[in-house]
Amino acid sequence: MEFAELIKTPRVDNVVLHRPFYPAVEGTLCLTGHHLILSSRQDNTEELWLLHSNIDAIDKRFVGPLGTIIIKCKDFRIIQLDIPGMEECLNIASSIEALSTLDSITLMYPFFYRPMFEVIEDGWHSFLPEQEFELYSSATSEWRLSYVNKEFAVCPSYPPIVIVPKAIDDEALRKVATFRHGGRFPVLSYYHKKNGMVIMRSGQPLTGTNGRRCKEDEKLINATLRAGKRGYIIDTRPLNVAQQARAKGGGFEQEAHYPQWRRIHKSIERYHILQESLIKLVEACNDQTHNMDRWLSRLEASNWLTHIKEILTTACLAAQCLDREGASILIHGTEGTDSTLQVTSLAQIILEPRSRTIRGFEALIEREWLQAGHPFQQRCAQSAYCNSKQKWESPVFLLFLDSVWQILRQFPCSFEFNENLLIMLFEHAYASQFGTFLGNNESERCKLKLQQKTMSLWSWVNQPSELSKFTNPLFEANNLVIWPSVAPQSLQLWEGIFLRWNRSSKYLDEAYEEMVNIIEYNKELQAKVNILRRQLAELETEDGMQESP
């Protein structure tokens, strides 16, 4: 297929662009295979370059000969284009609809993008499982790398290399895979160096109505326990949902077969419930007509902050089991690709200082989301505006990023990165020139040959010139566990995501620059104070030495 076949009118003059808090801009609108571009001849006017893949929905209106297209984006932007001529407007609208809903992944922009920057790091090889394993192998010899999934034959949503207990051989892993949903047998997610306890994750056990059991699965899970220790299985489904799953062949671990493990059910919503929550929240944020009571009522009705509270509460529970009770845990829901990954990731943010650094957080995204098989292509296919919602679309990753932001806000000095990194990851998960978030798992990415045909997001992010944008000037290394508050009054709406298009970013940027300048000035003053203190201490020492005889 040629893109030219989908572009009925490639160029229109005298188009007027309207955006909140910006003056209207008149210019020339051009459509390419991957971008909508509006350029103006006015001085000091930025061009608009919008990826078609970032478009969630469009509306059309006509007043006489003037047509208007309202474009609603996956990053929650809403822009308006006034186009002279009904035919031109219809042609542009139909072209945008076709180009923003391409069926083939290989027609998307990452396969055509060529970087304009010098690539100094191949992001595709920045966070390999072998490198992560080295961090653990120095602290323990109880784990090993397994290549049982080398050809994705055992589990299509797992990477080729996983970390498993050393006492369990690959043949046992194959048997366990047949007992777990989607072949997702328990693998290591996190090793707590403080006490040797671990977080493992998996899919639900396929016990069914007959109470099927798997001795290899029981042996694998027990291999993570120290002598005399108990473990916790955190099921991210309410008990009634887990019981209903047995009728469909799924289920949960029977305590009779796992006597050293205590099962805890924590309800974390998923799928259409989260999608509807996001839609309600974005609608409330875009409605400028209601009063304070109405706004607070709509915010509460969206249940978005309630979902964040549920996720953070479960992550804190997992962290508490490891750090305070000295117990290992296994986390799973149904598939082990959504709420499971939210909890394992946030628990590591709480427990592990490395995960709060820029590079450590990137490694966490790679390990716990991309390599762990979160289906980004399905979950992020649409955002909050598209009417034709599919059952597999859900803002799972956005909820995780929002939860990280809540912790960052409570511990502003403990994170090396700022909220710009979180916002950037949200944007690229839904629409990007990089191939990092394409596909639903490692198997699909291999078939698409993304490493050979596309650029990694990390290659761009980890340039020194870009890292400065994501660095937190308040950062001071904190090697302690951090315990976020999940009280309702401690959680806030993430304005940087949900309200950024409803206010002037110019003033926010100026305020942020002023804050950075103040921080740098304070650092300089602190450095001078430290020098004076050292000099004073040296003088006092000299005086003491002179007086001592």
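**Tyr158, two open sheets and a helix crossing**

Tyr158 touches Asn149, Phe152, Gly183, Arg184, Phe185, Val187, Arg201, Ser202, Gln371 and Glu442, leaving aside residues up to four places away in sequence. The model described here is a predicted one. Tyr158 belongs to the loop between β8 (143-146) and β9 (162-165). Because its relative accessible area is 1%, below the 20% limit, Tyr158 counts as buried. Arg144 precedes or follows Tyr158 by 14 residues in sequence, and their C-alpha atoms are 16 Å apart in space.

One of the neighbours of Tyr158 is Phe185, a residue that leads on to the nonpolar interior. The largest nonpolar core holds 119 residues, and those touching the most other members are Phe185, Phe361, Leu425 and Phe498. With residues up to four places away in sequence again left out, Phe185 touches Val148, Val154, Tyr158, Val162, Val164, Leu173, Val176, Ala177, Arg180, Arg201 and Ser202. Another core, of 26 residues, lies apart from the largest one and has Val12, Leu17, Val25 and Ile92 among its members. Arg201 and Ser202 appear in the contacts of Tyr158, and Arg201 and Ser202 are also touched by Phe185.

Attention can now turn to the sheets. Strands of a sheet pair through backbone hydrogen bonds, in either a parallel or an antiparallel sense. An open sheet of 5 strands is ordered β10-β11-β14-β12-β13, and its pairing is mixed. The edges are taken by β10 (187-192) and β13 (261-265); each has a single partner strand, so one side of each lacks a neighbour in the sheet. From one strand to the next, the twist averages 20 degrees. Helix α8 packs on this sheet and touches β10, β11 (197-201), β12, β13 and β14, while the direction of α8 makes about 155 degrees with that of β14.

Within this sheet, β12 can be followed on both sides. Strand β12 (residues 231-235) pairs with strand β14 (residues 328-332) in the parallel sense over 5 bridges, and Gly231 stands opposite Ser328 in β14. Strands β12 and β13 also run parallel and are joined by 5 bridges, with Tyr232 standing opposite Arg262 in β13. In a regular strand, side chains alternate between the two faces of the sheet. Both faces of β12 are covered: Gly231, Ile233 and Asp235 are buried on one side, and Tyr232 and Ile234 are buried on the other. The count for β12 is therefore 5 buried residues of 5, under a limit of 20% relative accessible area.

Helix α8 has a helix partner too. Two packed helices are described by the angle between their axes and the distance between the axes. The axes of helix α8 (residues 304-323) and helix α12 (residues 396-410) come within 10 Å and cross at roughly 75 degrees. This angle makes α8 roughly perpendicular to α12. On the α8 side, the meeting residues are Trp304, Leu305, His307, Ile308, Ile311 and Leu312, and on the α12 side they are Leu398, Leu399, Asp402, Ser403, Gln406 and Ile407. The residues of this contact comprise 8 nonpolar, 3 polar and 1 charged.

A further open sheet has 7 strands in the order β4-β3-β2-β1-β7-β6-β5, with antiparallel pairing. Here β4 (48-51) and β5 (55-63) are the edge strands; each has a single partner strand, so one side of each is without a neighbour in the sheet. The twist of this sheet averages 30 degrees from one strand to the next. Strand β3 (residues 35-39) and β4 run antiparallel and are joined by 4 bridges, and His35 has Leu51 as its bridge partner in β4. Helix α1 (residues 86-99) packs on the sheet, touching β1 (11-18), β2 (25-31), β3, β5, β6 (66-73) and β7 (78-84), and its direction makes about 170 degrees with that of β5.

Two backbone details complete the description. Most residues other than glycine have a negative phi. Asn14, which lies in strand β1, has a positive phi near 60 degrees. Tyr271 is likewise not a glycine and has a positive phi of about 50 degrees. Tyr271 is placed in the loop between β13 and α6 (272-286). With a relative accessible area of 24%, Tyr271 is partly exposed.

Conventions
Residues numbered from 1 in each chain as written. Predicted model: local features only at pLDDT ≥ 70, side-chain atom pairs only at ≥ 80, totals over all residues. Heavy atoms only, no water. Axes fitted to C-alpha atoms, helices over the stretch in contact; angles between N-to-C directions. Parallel < 35°, antiparallel > 145°, perpendicular 65-115°, else oblique. Contact = heavy atoms within 4.5 Å. Nonpolar A, V, L, I, M, F, W, Y, C, P; charged D, E, K, R; others polar. Pairing = 2+ DSSP bridges. Core = buried A, V, L, I, M, F, W, Y, C linked by side-chain atoms within 4.5 Å. Buried < 20%, exposed > 50% of the residue type's maximum accessible area, 1.4 Å probe, protein only.
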